[in-house]
Amino acid sequence: MDDPDPPGLRRRTLLSALAGAGTASLAGCPAPGGGDPSSGGDGDGATDAPTSTPTDGEARRLAERFAPTLSFDAAERWLPTDPRPYATERDGETVVDGFDALNGYTRASRESETPPNPTVFYHVVEYESSPLAVVQYWYYSAFDQFTTNFHWHDWEVVHAFVDVDTGEPQLFVASSHSPRVPNNEFLDPTRPPRILSELGSHSSALSLNERRNSFQRLPLGDLSADITNRALDVVGTLAELPAAYGLPRDEGMRLPYVIPELDGAPLYEHERLPAVDRETLVPASLTVRSFDALSAPPSDLRTREPGLVVDFAGRSEPEGDATYDLVPTSEVAHIAEFTGPQLSFEFAVPKFAEDAIAGHISTAGTPWEQARYDDPAADITDPAHRAALADRYDAIAPPGPLNDLVATVTRTDQSPDAPAGQGVTTAATSVEAVALLRSDPVAAPTFRGTLLLRGVESGTHQLTVNGPGLAPHAEPVEVGDDGDADGTASATPTPSDAGARGTTTLAGAGGEIPLVPRENALRLEVDAAGTEAELTDLAVDDDFGGRLYDAPLDGPDAVYVDRRGAYTAEVRDVDDAIGAFRVNPQNADPVRVDRPRTGKASLASFVAAVADETADQLGTVGDGSTVDRIADAIPGGEGATNTLGGLLRALEAVSGAANRAAERAAAGDRAGSDRALDALAANLRRTVERFEGLRDTLPEPVAAAVDRRFRQARRRTNQALAAEKL
């Protein structure tokens, strides 16, 4: 009988590196002195043309024309304000201290029924060689409290690219969380920008269609989408998902917030923050003490509730509840630094994967020291958008190569097709996760369950993914930039020079990283110490869920698996020889595979283990009675009993032949091992035939589990027969 399709065809873990068109972004709230993750332009040293600042009058007119309307969550605590009231002199420089800003803003908020000093700062630059100007709208908040990203101070920015000859806007770019997350962008907008600010973090989403105060990633009926970012086309499940962070709580996703800590205690308990209490922070109904404290992803967090709308005071008919002043950044550019001590980094990292990561950023830096302040094109994260502007204006360099890391993040659950505790499935998670690379530990959130890290340097990285109520995942990934070009899909028509993207498979295939609910998570450890062969890869398959993990192996390794599954751990060595090990978690934690081997002995031992496991299950089906209970349900009675008894005896023969093959391989007897493997293959064929004749009489979950075990046994038997290594 031919080897059936292996479970690996439903392979789970893929991380794709896209070597293709793109430019770098310093988005959201960067660390002090932060820069782009890679150079802009064509990737060969080309940069955008120099920029200059127009006259005050010209800049003011442009700024007023495209001034954004800002919409906030009903629970928002830190609205755009003027930092100057909190500035002090220190060592001859003007600084804004985090304690002063948070205390001062908190007091001012309590003393006024309206937001204190609503302010948006503008900066306008012109590209000298093209009729292109960019209006930047910078807005400051006294604090940032996200889920794994909180710090003193926060600066966000919106760019409006405008053709000064026609007066028409060309592109809006709204800043997202970090240099690794794509910004929200809209090519050829027809109205001034409307910004939806994410609760706590102030990451900016666009709202440009007729449905105000909500974020719409994809078109719906007559409504256009709020962004024109390209659609991801690397993995089939992501083909229709525009690559932009968006606003997860507006898209039905849950995103719990955590409490910032300083010196090991909640921030509001610090002696230097007398004005701050628990109510100053994001409401408790949306907050958890830590991701680790949850046994499962939260299901009772509310989604976004539109709240305060703040509009430009100079508009003829401003909308909303409050208005902001529009002030040039030149009036605050004398501030040299926004300071504050480092806050705790709330991010679970598996200790078996890495012992430590760099600390979190503590402040947001100053806008006027960032590259994008003088060259706003550095903030265009969509390669098709940059290509469109490069096609229109000589000042904008075309997109260059950039490595992107792409995967979907899901969760495991009990498979409805498997007996209890013998198989898992994966499903979309209702909560967003966060990820970081050890080489660049800035946490980046997923969007709609999609992990996209931009501007990743070529080489080996350690990726960690963490979700609320889910066990953290860690694996090494190899990022390359020499993949085969396969084109770029986009949400809108794009110029032909938008750039081809190459795809490099980093680990596994299928595009999925399944995280395990903490209440069902256990550690599967593989320790290769003392093995003769140099192991290179580790993969984990569940009987029902398929491939859940596939990554390089370098020394001891571990991965969290769901205790409700039944697994095959597979290792490979430098000679591409395979070894397999049966893993049934039961209640053990951790489950440990010591000194895994590759070759005939390992594979034959696996088949013996599967045969014994199958016989044990068939020997006790349901709640007690074994062969007799099944026989009663089969026409023929005694003959049916013999049929099931024959299946059990056939499984005993399979186990015996597999054990003999393993023993002879371990003893160095190749010929004897191959004879035993031939007998094993014949016994296995007869056993499968007996099972097929009895299958309809078994409970469907049991029959499904037995069928999947036989598929694994046949696959590993064929591998053992073909193996060169004993």
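Visitor: How do the residues lining the largest cavity divide into nonpolar, polar and charged?

Guide: They split into 11 nonpolar, 2 polar and no charged. Nonpolar covers Ala, Val, Leu, Ile, Met, Phe, Trp, Tyr, Cys and Pro, charged means Asp, Glu, Lys and Arg, and the others, Gly among them, are polar. By the way, this is a predicted model: local features need pLDDT of at least 70, side-chain atom pairs count only at pLDDT 80 or more, and totals for chains, interfaces and linings use all residues. Residues are numbered from 1 along each chain as its sequence is written, and side-chain values use heavy atoms, leaving out hydrogens and water.

Visitor: Why is the F691 and F710 pair called edge-to-face?

Guide: Rings of Phe, Tyr and Trp (its six-membered ring) pair if their centres lie within 6.5 Å; planes under 30 degrees apart are stacked, over 60 edge-to-face, and the rest tilted. Here the centres are 5.5 Å apart and the planes at 70°, so the pair is edge-to-face.

Visitor: What makes F146 and Y257 an edge-to-face pair?

Guide: Their rings sit 6.1 Å centre to centre with 85° between the planes, which fits that label too. Both residues are also buried, meaning under 20% relative accessible area (exposed is over 50%, partly exposed in between, with a 1.4 Å probe and protein chains only).

Visitor: How do you know that the charged end of R716 sits over the ring of F606?

Guide: The rule asks for NZ of Lys or CZ of Arg within 6 Å of the ring centre and within 35 degrees of the ring normal. R716 is 5.9 Å from the centre of the F606 ring, and its charged end does count as sitting over it.
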